[in-house]
Amino acid sequence: MATPTDTYELLQFNMIRAHDTFKLGYEKIVTLLADPPQNDIKNFLGYCEAWALSVVDHHDSEELVVFPFLNQKMDFSREEEQHKVIHDTLEKLLAIIQSAKEKPAQFKLDEMRELMVNFKEPLVVHLDEEVEHISADKLREAQFQESEIKTMISQLEAHAKSSGNPFLQVPYMRSHTPPEYKDSWPPMPWFLRKVMIPYMLAKRYSGYWKYSPYAMS
């Protein structure tokens with residue numbers, strides 16, 4: 001599927017694609033927590049960590065680039081408050097994961113399962129409300145100029161390229177992007193999409209991606 005040509009639609013399009021990867025990862029983790037792969041627990045925990053860090057990095061980029069831009073003419077205080085709740089849960093989740101990676105025999109499965117189940121509502125509500133808030137109609141109504149939006153999106157893309165762990169977040173994103181969007185989202189050179197990510201970046205933690213819903217390329 002092609003990327004929108006209307007600048008006002010682009011931010012929402014990109015956000016939906018990103019949010020869908022997080023929803024897919026969430027559902028996969030919760031399903032697996034019902035009967036965790038005990039003989040592959042290290043890779044499973046690594047997959048969970050990749051998901052959590054991807055959400056953290058995504059929110060960091062919003063707080064550094066997107067919200068300051070949108071708050072010039074709109075009010076994203078609700079989304080900012082939602083981030084605080086989500087980050088608090090993710091910190092707890094990452095602590096459980098780190099502890100279990102260091103001492104697998106002391107993996108707090110029940111605690112992690114309860115945390116994730118209770119996390120669904122605040123996470124999904126936030127992801128869906130945020131997408132609705134940045135619709136093309138709302139951006140036009142706020143009277144943002146196309147050039148301003150393009151500049152902000154360029155800054156967001158630059159931040160994404162310079163932040164996070166490319167051996168985790170990039171393979172996570174690609175293996176949670178459905179086939180119909182693989183060639184168009186996010187925009188990247190063919191060599192990176194078809195060669196560098198699947199055969200170089202994804203190899204470092206290759207055991208993690210067996211839990212992903214889609215192929216890497």
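The legends below go with close-up views of a predicted model.

**View 1. The annotated span, residues 15–131.**
The UniProt record, an unreviewed entry, puts "domain: Hemerythrin-like" at residues 15–131. In this predicted model the span is 84% helix and 0% strand. Look at where it begins and ends: the C-alpha atoms at the two ends are 6 Å apart.

**View 2. Helix 4, with a bend at F119.**
Helix 4 covers residues 109–133, which makes 25 residues. From first C-alpha to last it reaches 36 Å, close to the 36 Å expected at 1.5 Å a residue. Even so, there's a bend of about 40° at F119. A proline, P122, follows within four residues of that point. F119 itself is on the list of buried residues in helix 4. The others on that list are L109, M112, L115, M116, L123, H126, L127, E130, V131 and H133.

**View 3. D128 and K23, a bridge from helix 4 to helix 1.**
Here D128 pairs up with K23 in a salt bridge, and the closest N and O atoms sit 2.5 Å apart. D128 belongs to helix 4 and K23 to helix 1 (residues 7–33), so the contact ties together parts that are 105 residues apart in sequence. Neither end is hidden away: D128 is partly exposed, at a relative accessible area of 37%, and K23 is partly exposed too, at 26%. This pair comes from a model whose salt bridge count is 13.

**View 4. D40 and K210, a loop meeting the segment after helix 8.**
Another salt bridge joins D40 to K210, with 3.1 Å between the closest N and O atoms. The pair links distant parts of the chain, 170 residues apart. D40 sits in the loop between helix 1 and helix 2 (41–70), while K210 is in the segment after helix 8. Their surroundings don't match: D40 has 18% relative accessibility and counts as buried, because the cut-off for buried is under 20%. K210, on the other hand, is partly exposed at 49%.

**View 5. D88 and K92, a bridge within helix 3.**
This one stays local. The side chains of D88 and K92 meet in a salt bridge at 3.4 Å, N to O. Both residues are in helix 3 (residues 77–102), and being 4 residues apart they're separated by about one helical turn. D88 counts as partly exposed at 38% relative accessibility, and K92 is partly exposed as well, with 46%.

**View 6. The loop before helix 8, and a nonpolar patch.**
Start at the peptide bond from W185 to P186, which is cis, with omega near -20°. P186 is in the loop between helix 7 (169–174) and helix 8. Helix 8 itself covers residues 190–199 and includes W190. On the surface, W190 joins F191, M196, Y199 and M200 in a nonpolar patch. Together these residues have about 590 Å² of accessible area. W190 counts as exposed, at 55% relative accessibility.

**View 7. Q143, a positive phi between helix 5 and helix 6.**
Q143 isn't a glycine, yet its phi is positive, near 70°. The residue is found in the loop between helix 5 (136–141) and helix 6 (146–162). With 58% relative accessibility, Q143 counts as exposed.

**View 8. A158 in helix 6, seen with N14.**
A158 has its place in helix 6. Its relative accessible area is 44%, which makes A158 partly exposed. In sequence A158 and N14 are 144 residues apart; in space their C-alpha atoms are 14 Å apart.

**View 9. M216, seen with Q155.**
M216 lies in the segment after helix 8. With 14% relative accessibility, M216 counts as buried. Q155 is 61 residues away from M216 along the chain, and 26 Å separates their C-alpha atoms.

Terms used:
Residues are numbered from 1 along each chain as its sequence is written. This is a predicted model: local features need pLDDT of at least 70, side-chain atom pairs count only at pLDDT 80 or more; totals for chains, interfaces and linings use all residues. Side-chain values use heavy atoms; hydrogens and water are left out. UniProt positions are given in the numbering used here, feature names are shortened, and annotations may be inferred rather than shown by experiment. Patches are made of residues with over 30% relative accessible area and no salt bridge: like charges are joined within 9 Å, nonpolar side chains (Val, Leu, Ile, Met, Phe, Trp, Tyr) within 5 Å. Accessible areas come from the Shrake-Rupley method with a 1.4 Å probe; for residues, only the protein chains shown count as cover. A salt bridge is a side-chain nitrogen of Lys or Arg within 4 Å of a carboxyl oxygen of Asp or Glu. Buried means under 20% relative accessible area, exposed over 50%, partly exposed in between (1.4 Å probe, protein chains only). The expected span of a helix is 1.5 Å times one less than its number of residues. The bend at a residue is the angle between axes fitted to the seven residues ending there and the seven starting there.
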